[in-house]
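Dear colleague,

Please find the structure below, handed over together with some notes on what came out of going through it. I would be glad if you read the notes with the coordinates open beside you.

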Amino acid sequence: MEFCFTCWPGGPVTPPPCLRCGSTRLYYATGLCERCHPSAIPPPDSCTNCAAWGATRNLGWLCKGCASWCRKYTVKASCIVCRYDAVLDGDRICRLCRKQATLTRGAHSVFSWEEVSRRGQQLFFADLFSSRHRGAAIAEPVALRTEPVPPPAHRQLVLFEAVRTLRRRGIEGLARRADPQLAAWAEQFTREDAIRYGWSRDLTWRVRTGVNIVLGFLQAPGATLTVVDVAVLMEVNLPHRHATAVLERAGLLACDRAPAVLGWGEERITALPPGMASEVRVWLAIMHAGSTVPPRRRPRSESTIRLHLRWALPALARWAAEGKTSLREITPGDVRTVLPPAGAARTQMGQGLRSIFRVLKARRLVFTDPARQVTTGFPDPTIPMPLPVEHIRAALDSTDLAQALLCALVAFHGLTAQQLQHLRLTDVHDERLDVGDRRVPLAEPARKCLAAYLEHRRRRWPITANPHLFVHFRSATTTAPVGHRWMNLRLGPQLTCRSLRTDRLLDEALAPDSDAKRLGDLFGISTRAAQRYTQSLGHPGLQGLSPRGQGCP
């Protein structure tokens, strides 16, 4: 085409309406206007949902607020306040009236929708609403149902168990399926947790949405939720741990969670014969929960259970391959045959087998303890070695304030990972730190790192209720401590809490007037543990080393 409609010979000629939207303005080419043609660059226009000026075609002629609003709500009808046709929320109110209500509340103490309708609508520019209230404390909870919903006397059984997933469907409309009474009952626990733990408004909304989605899964009277039902919230990035805690406090979640270590152990022993597997299950249960009946036994940590079973599994698998179906058939000769000839592998396998047979013998599930009659020796002692100074210096000078403080507390004062994990804000007293029964005077670099981190913590999480010194973005909304993995990841690939503590104790042992007793008193370790460092000073790899002078003042 050589002429536009304005320059058309004999014109100007009125351009035809757009074939897509019917507009008679801003005709571009091929029967489409500038708003619809893919090659055109249309100017900003009003939002089609709230009439805010500044919307672009990138979001379908919606402002950013309405784009999120339309993903959350889908019903388009006439607003009950302004009668404007737009996408409405659950109360049949449009977003424009909601924003107008925000302005009205700010200027008047008494609020009503009649006041919003009488004052009219104040149009605004798109995407200019401030998020200064994000992260603010949640207001006091409104009056909700305070009595639990009594369970019905009957329960409708489920004919077919369906596997639920939100990966393909999303969360659109699912929150409205929840029973209103159950949703109101759970809402008060959501608000209590939000106030207690300092949740932001966004996190509170996401927890509430997740709880209501899971409540919508209840298809029969008296049905209960399980942890598997709540776990589907992970597929749509909703906080399932917070939702689980709310539902547990509300009494709407059946406690069907099995300890992770028991599930891990069950996976490892499925290939064993049934009799042998049942005996190992008894050992697993007693190691995890302990025993209150004679012979009494305290529970062991999950790491101990995993190590002992992992060390003993090769022997159990070999005996199963040889045709043995129960641990009652095992003799001391079988134990000697399956043990490695020497080294740490022999010691570790012997320790794992002794742990299993000792428990089974006490429960009278085996006649004798064959592992007791076999000597496996002791593991070869390791020699503590120092870390490169540049790695420690880089961590101390890091811009990551958590990394710098972790490194300073271990490198100068030799704190363990467990002590770091459970440090609380109340343990900090000016230039001293309470660690268990000890009061540790802080070195000057550690004091500077502590002051910088506390200021960062105050600015980053101003209303968190977590009492621990170290927090991250997940633990800040709870009262749980950080994990060992987080601390080691923070320190970097070259450092760990254990290696830093070993380096610090070795540096103290290198001091001229150091001995095992002083080392034990300074760091709260036994004399035998301190002798590992003092007796290693004659190793060829430690000759010529001198203390770095990084001790406590």
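**Charges on the surface and in salt bridges**

Arg 298 is exposed, its relative accessible area being 71%, and this in a model that, please keep in mind, is predicted. Arg 298 sits in the loop that runs between helix 9 (274–289) and helix 10 (302–321), and together with Arg 300, Arg 358, Lys 361, Arg 364 and Arg 372 it forms a positive surface patch.

As for the overall picture, the protein has 20 helices and 9 strands, and 39% of its 553 residues count as buried. About 31900 Å² of the protein is exposed, of which carbon and sulfur atoms supply 54%. Among the contacts with a separation of 6 or more, 55% come from residues that are 24 or more positions apart.

The structure holds 24 salt bridges, and a few of them can be described individually.

In one of these, the side chains of Arg 281 and Glu 266 meet with an N to O distance of 2.8 Å. Arg 281 lies in helix 9 and Glu 266 in helix 8 (residues 260–269), so this pair ties together parts that are 15 residues apart in sequence. Both partners count as partly exposed, Arg 281 at 36% relative accessibility and Glu 266 at 29%.

A second salt bridge joins Arg 490 and Asp 400, whose closest N and O atoms are 3.3 Å apart. Because Arg 490 lies in helix 17 (residues 484–491), whereas Asp 400 belongs to the loop between helix 13 (389–396) and helix 14 (401–413), the pair ties together parts that are 90 residues apart in sequence. Here too the partners count as partly exposed, with a relative accessibility of 33% for Arg 490 and of 25% for Asp 400.

What separates the closest N and O atoms in the salt bridge that Asp 434 forms with Arg 439? The distance between them is 2.7 Å. In this pair Asp 434 is buried, with a relative accessible area of 18%, while Arg 439 counts as partly exposed at 48% relative accessibility.

Finally, there is a group that goes beyond a single pair: Glu 192, Asp 193, Arg 196 and Arg 249 are linked in a network of salt bridges.

With best regards

How values were computed
Residues are numbered from 1 along each chain as its sequence is written. This is a predicted model: local features need pLDDT of at least 70, side-chain atom pairs count only at pLDDT 80 or more; totals for chains, interfaces and linings use all residues. Side-chain values use heavy atoms; hydrogens and water are left out. Patches are made of residues with over 30% relative accessible area and no salt bridge: like charges are joined within 9 Å, nonpolar side chains (Val, Leu, Ile, Met, Phe, Trp, Tyr) within 5 Å. Accessible areas come from the Shrake-Rupley method with a 1.4 Å probe; for residues, only the protein chains shown count as cover. A salt bridge is a side-chain nitrogen of Lys or Arg within 4 Å of a carboxyl oxygen of Asp or Glu. Lys and Arg count as positive and Asp and Glu as negative; His and the chain ends are not counted. The place of a charge is taken as NZ of Lys, CZ of Arg, CG of Asp or CD of Glu. Helices (H or I, at least four residues) and strands (E, at least two) are DSSP runs, numbered from the N terminus. Buried means under 20% relative accessible area, exposed over 50%, partly exposed in between (1.4 Å probe, protein chains only). Contact means heavy atoms within 4.5 Å.
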